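Subject: Structure handover

Hi,

Here is the structure for you to look over. My notes follow below it.

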Amino acid sequence: RVYQTLLLMVVLMVMICVISYLIAHSITTPLKGMVKAFNKLARNKDMSVNIREEGTDELAELAHAFNILVESFRTSLRGVKEETLVIKQTTDNVAISMKESAKLSTSQLHATDSISVAINEMTATISEVANMANSTSDIVQKAYDISVESATNAETSQTMMENLTVELGNTNLVVKKLNDESTLIGNVLNV
């Protein structure tokens, strides 16, 4: 009986060891797979890592939660990549707009310079025209003054001519008188 009990105990011990080994193996194998997946994710930043979900125990739930977490990371990374592309496109558009704005500013600067030169030339031309107008005004004033002086001189000359005409008329009368008197004197002498 003791042998039987011992044999039974040995068989039970062997069975307990085999069952314990199988239970431990069923726990450690998935845990080793999870640790390997975690390390691969941490080292390589490989978001394609997934853990097989086998069974319904806590390890399967942990594998499922890990896979959901990795999928959430993938979705977030896709969103970040899309936003990065949008930001890059926006930055490129802003850079293009800035280049166009710089070109327009340069063009506007050249146009402003051209307008400034044109205004300066117009100012110089207006100044010349004003100087010519002043000169012409001075010449017209001198011509007017000469004209007024000539008109005064003409009136004086006319008055003098009229006086001369009157004097000549008077002289003619005097000469006629003298002629008549000379004729009288000549008659008196002839007598």
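Start with Met15. It has a relative accessibility of 44%, so it counts as partly exposed. Met15 sits in helix α1. Please keep in mind that this is a predicted model.

**Nonpolar patch**

Met15 also belongs to a nonpolar patch on the surface. Its partners there are Leu7, Val11, Ile19, Ile23, Ile27 and Leu31. Together these residues make a patch of about 600 Å². Met15 can be in a patch because residues there need over 30% relative accessible area, and Met15 has 44%.

**Salt bridges**

How many salt bridges are there? The count comes to three.

Take Arg74 and Glu71 to begin with. Their side chains meet in a salt bridge, at 2.6 Å from N to O. Both residues lie in helix α2, which covers residues 58-190. They are three residues apart there, so about one helical turn separates them. Is Arg74 buried or exposed? Arg74 counts as buried, because its relative accessibility is 17% and the cut-off for buried is under 20%. Glu71 is partly exposed, at 34% relative accessibility.

Glu71 has another partner, Arg78. In that salt bridge the closest N and O atoms are 3.4 Å apart. Arg78 counts as partly exposed, with 42% relative accessibility. Glu71, Arg74 and Arg78 are thus linked in a network of salt bridges.

Next come Asp92 and Lys88. They form a salt bridge too, and the closest N and O atoms are 3.0 Å apart. Asp92 and Lys88 are four residues apart in helix α2, so they are separated by about one helical turn. Asp92 is partly exposed, with a relative accessible area of 34%.

**Largest pocket**

What is the volume of the largest pocket? It is about 290 Å³. The pocket is lined by 15 residues. Closest to its centre are Thr29, Pro30, Ile51, Arg52 and Glu54. Two elements give two or more residues to the lining: α1, residues 2-44, and α2. Helix α1 supplies the largest share, with six residues. By type, the lining residues divide into seven nonpolar, four polar and four charged.

**Gly33**

One last residue to look at is Gly33. It is found in helix α1. Gly33 counts as partly exposed, because its relative accessibility is 34%. How far apart are Gly33 and Ala95 in sequence and in space? They are 62 residues apart in sequence. In space, the two C-alpha atoms are 49 Å apart.

**To check on your side**

Three places to open in your viewer:

- The network of salt bridges that links Glu71, Arg74 and Arg78.
- The largest pocket, beginning with the residues closest to its centre, among them Ile51 and Arg52.
- The nonpolar surface patch, which includes Leu7 and Leu31.

Best wishes

Technical notes:
Residues numbered from 1 in each chain as written. Predicted model: local features only at pLDDT ≥ 70, side-chain atom pairs only at ≥ 80, totals over all residues. Heavy atoms only, no water. Salt bridge = Lys/Arg side-chain N within 4 Å of Asp/Glu carboxyl O. Buried < 20%, exposed > 50% of the residue type's maximum accessible area, 1.4 Å probe, protein only. 1 Å grid on protein atoms, 1.4 Å probe; cavity = no way out; pocket = protein on both sides within 12 Å on 5 of 7 lines; lining within 4 Å. Points joined across faces, edges and corners; volume = space filled by probe spheres on them. Nonpolar A, V, L, I, M, F, W, Y, C, P; charged D, E, K, R; others polar. Patch = residues over 30% accessible without salt bridge, like charges linked within 9 Å, V, L, I, M, F, W, Y side chains within 5 Å. Areas by Shrake-Rupley, 256 points an atom, 1.4 Å probe, with all protein chains shown as cover.
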